Amino acid sequence: MSRPSSAASKAIFYRCFATLFSAGVHVGECLSILARQSESPELRNALETVHLQVMQGTRLSVCVRKQTLFSGFEAECLASGEMGGFFHATLDGLAEHWEQVSRLQHQLRQQLIYPIFVVVIAIACVAVLPSLLHRS
């Protein structure tokens with residue numbers, strides 16, 4: 001079984017985070033649960049670090065901004081959700097964003113299979129053809 005892409009991992013993370021948060025689970029506990037459940041070692045380590053910092057009183061967006069795994073876009077979205085009081089909607093929006101990115105990456109890979117196959121066959125033909133012509 002292949003490992004999910006970074007976009008797929010983030011989509012799952014944000015979707016689960018949104019679900020837990022909407023169920024009334026504290027942000028710190030959400031992070032702890034999601035870190036334990038993550039299949040990605042990079043995401044797990046980042047979430048454990050973020051969890052510790054959040055439990056020490058640092059805002060989530062500030063913690064996320066310090067992690068290289070998360071983009072500035074994600075940190076800004078989380079900051080606006082924290083400040084505006086629509087944190088759950090922000091988590092849903094980030095989940096939708098990463099789900100769409102994951103779908104697009106999958107579609108791109110699927111669309112590139114045939115052209116790559118044709119290029120490889122063409123290169124093989126160009127490499128083999130001169131040797132076949134010299135034999136005749």
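Helices here are DSSP runs of H or I with at least four residues, strands are runs of E with at least two, and both are numbered from the N terminus. The model is predicted, so to speak of local features takes pLDDT of at least 70 and side-chain atom pairs count only at pLDDT 80 or more, while totals for chains, interfaces and linings use all residues. Residues are numbered from 1 along each chain as its sequence is written, and side-chain values use heavy atoms, with hydrogens and water left out.

**Exercise 1.** Work out which elements build the protein chain, and how it is spread in space.

*Solution.* Start by counting: the protein chain has six helices and zero strands. Read from the N terminus, that gives α-α-α-α-α-α. Next, take the radius of gyration (over C-alpha atoms; the globule rule is 2.2 Å times the number of residues to the power 0.38). The protein chain comes out at 22 Å, whereas a compact globule of 136 residues would be near 14 Å. Finally, check the box: along the principal axes, the C-alpha atoms fill roughly 80 × 25 × 25 Å.

**Exercise 2.** Find the largest nonpolar core and look around Leu31.

*Solution.* First, the terms. A nonpolar core is a set of buried Ala, Val, Leu, Ile, Met, Phe, Trp, Tyr and Cys residues joined through side-chain atoms within 4.5 Å; buried means under 20% relative accessible area with a 1.4 Å probe, protein chains only. The largest one has 29 residues, and Phe13, Tyr14, Phe17, Leu31 and Leu60 have the most contacts inside it. α1 gives the most to this core, seven residues. Now zoom in: skipping neighbours within four places in sequence, Leu31 is in contact (heavy atoms within 4.5 Å) with residues including Phe13, Phe17, Leu47 and Leu60.

Key. Buried means under 20% relative accessible area, exposed over 50%, partly exposed in between (1.4 Å probe, protein chains only).
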